[in-house]
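I sat down with this one to look up a few things and keep notes as I went. Here is the structure before the entries.

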Amino acid sequence: MASEREIFSLTGPSYLKTIDWNNSHQRKSIAASLVQGVYILERDRQQNRLGPQALAPPWWEFFDFVLNQVLVDEDDHSFFGAIYEFKFHSPHPNYPGGQNPPKYVIAFRGTINKPGNRSQDFKLDVHCIINNLQKSSRFRVGMEGTQNIVYNAGLGNVWLAGHSLGSSIALLIGRNMVKNCIHIETYLFNPPFMSPPIERIKNEKLKHGVRFANSVLTAGLATAFNGAHKPKAPQDDPFIVLSSWVPYLFLNPSDPICSEYVGYFEHRENMEKMGAGKIGMLATQHSIGSIVTAARGNDSEPVHLIPSALATPDPRTCIGSGNAAEIKSAIEAFDVETVIFYDELLPGLFSG
């Protein structure tokens, strides 16, 4: 039996009957819905839901997209991604404000912890942890699909989107496209950050001290390694090349998988304020794991480290799962009929 989260009319942003493509919140909701569509595509496949029984199509059809291509894992034959094509209502559409819908969106799902997916998805999670995702068939299939779409659709007409493991794939593809001077608008929901969960430390002084010590250690190792090797030219330095690309990151500060991105960007600013900006900048370009791997003769670029991003939500105003439970209890206790939030909520994709 299908869960409510799979049914668009129950948990999707069906209130978006008129789309303002200049509205970043609406674009976020559409990107999240298309990622959710990939999850439901795989559930439809597993449960043999075909035709009218299929639950995935409303997640893209509501926004005038059609399914152009399904991306299939070569090892377990699961559906891990989808390429959506936008159906324009007129040959020469004119959208106000200059922001047009994308012609194509390439979306990737995350890990599914269920029989039929668990083994392969968990194996790819390990690849993500050891910074080896670029050798997976999912990355290769996704990269080839993205290159073909960009070649046919042209620059500025394509989005990338992903959740969790899928956001790592989207991030890796986006990085590689930037190195070829192609910038794709990218939406990353809860992207994994491979690091000890320093952000989970409650004591602010202790947390800052741990981050500072880690930055000094990382910067020191990077300096020692770089001093023994020929420095890279600016056009070959991935951090410099990537600085012109600004993906959208949507983070849950209570999720240890992605919460380190919050501290990653905040700590860089704090180091700058302390007068240790050079140390902070050098540390944020490297991970200890990548330095050790490179010292062994294997070039291992830390793909989760990026120079800039538009990261939301602000952790000071984020409603985590614990706060959500408190709000629900208050609603029931005081017989509340309406709750007003001062920002848009994501679709049910991220509720569990």
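What follows are my notes, from the overall count down to single residues.

**Entry 1: overview.** I am working with a predicted model, so everything below is read from predicted coordinates. I counted elements to begin with and got 12 helices and seven strands. The protein has 352 residues, and 45% of them are buried. I then looked up the accessible surface, which comes to about 18300 Å², with 56% of that belonging to carbon and sulfur atoms. For contacts, I took those between residues at least 6 apart in sequence; 73% of these join residues at least 24 apart.

**Entry 2: strands around E5.** Next I went to strand E5, residues 185-189, and asked how many of its five residues are buried. The number is four, so I noted the strand as mostly covered, a residue being buried when its relative accessible area is under 20%. On one side I found E4, which runs parallel to E5 and is joined to it by five bridges. Going from E4 to E5, the chain passes through helix H6 (residues 165-179), and I wrote down this β-α-β crossover as right-handed. E5 also pairs with strand E6 (residues 248-250), again parallel, through three bridges. Phe189 caught my eye here: His163 has Phe189 as its bridge partner in E5, and Phe189 in turn has Phe250 as its bridge partner in E6.

**Entry 3: aromatic rings.** I moved on to ring pairs, and the count is 14 aromatic pairs. The pair I opened was Trp21 with Trp159: what kind of pair is it? The centres are 6.0 Å apart and the planes stand at 65°, so I logged it as edge-to-face, given that planes over 60 degrees apart count that way. This pair links distant parts of the chain, 138 residues apart: Trp21 sits in the loop between helix H1 (8-11) and helix H2 (24-46), while Trp159 is in strand E4 (residues 158-163). I checked cover for both rings' residues. Trp21 is buried at a relative accessible area of 4%, and Trp159 is buried at 3%.

My other pair was Phe86 and Phe88, edge-to-face as well, with 4.9 Å from centre to centre and 75° between the planes. Phe86 or Phe88: which counts as buried, and which as partly exposed? Phe86 is the buried one, at 5% relative accessibility, and Phe88 comes out partly exposed at 30%.

I then put the rings together. Trp21, Phe65, Phe86, Phe88, Trp159, Tyr187, Phe189, Tyr248 and Phe250 form one aromatic cluster. So the bridge partners Phe189 and Phe250 from the previous entry turn up again in this cluster.

**Entry 4: a charge over a ring.** I also noted Arg45, which lies over the face of Phe79 at 5.7 Å from the ring centre.

**Entry 5: positive phi.** Last, I looked up backbone angles. His77 has a positive phi of about 65° although it is not a glycine. His77 is found in the loop between strand E1 (65-72) and strand E2 (79-86). Asn131 also has a positive phi, near 60°, and is likewise a residue other than glycine. Asn131 lies in the loop between helix H4 (118-129) and helix H5 (137-153). Buried or exposed, I wondered about His77. His77 is exposed, because its relative accessible area of 52% is over the 50% cut-off. Asn131 counts as buried, since its 14% relative accessibility is under 20%.

How values were computed
Residues are numbered from 1 along each chain as its sequence is written. This is a predicted model: local features need pLDDT of at least 70, side-chain atom pairs count only at pLDDT 80 or more; totals for chains, interfaces and linings use all residues. Side-chain values use heavy atoms; hydrogens and water are left out. Helices (H or I, at least four residues) and strands (E, at least two) are DSSP runs, numbered from the N terminus. Buried means under 20% relative accessible area, exposed over 50%, partly exposed in between (1.4 Å probe, protein chains only). Contact means heavy atoms within 4.5 Å. Accessible areas come from the Shrake-Rupley method with a 1.4 Å probe; for residues, only the protein chains shown count as cover. Rings of Phe, Tyr and Trp (its six-membered ring) pair if their centres lie within 6.5 Å; planes under 30 degrees apart count as stacked, over 60 as edge-to-face and the rest as tilted. A charge sits over a ring if NZ of Lys or CZ of Arg is within 6 Å of the ring centre and within 35 degrees of the ring normal. Two strands pair if DSSP finds at least two bridges between them. A crossover is right-handed if, with the strands pointing away from the viewer, the path from the first strand over the helix to the second runs clockwise.
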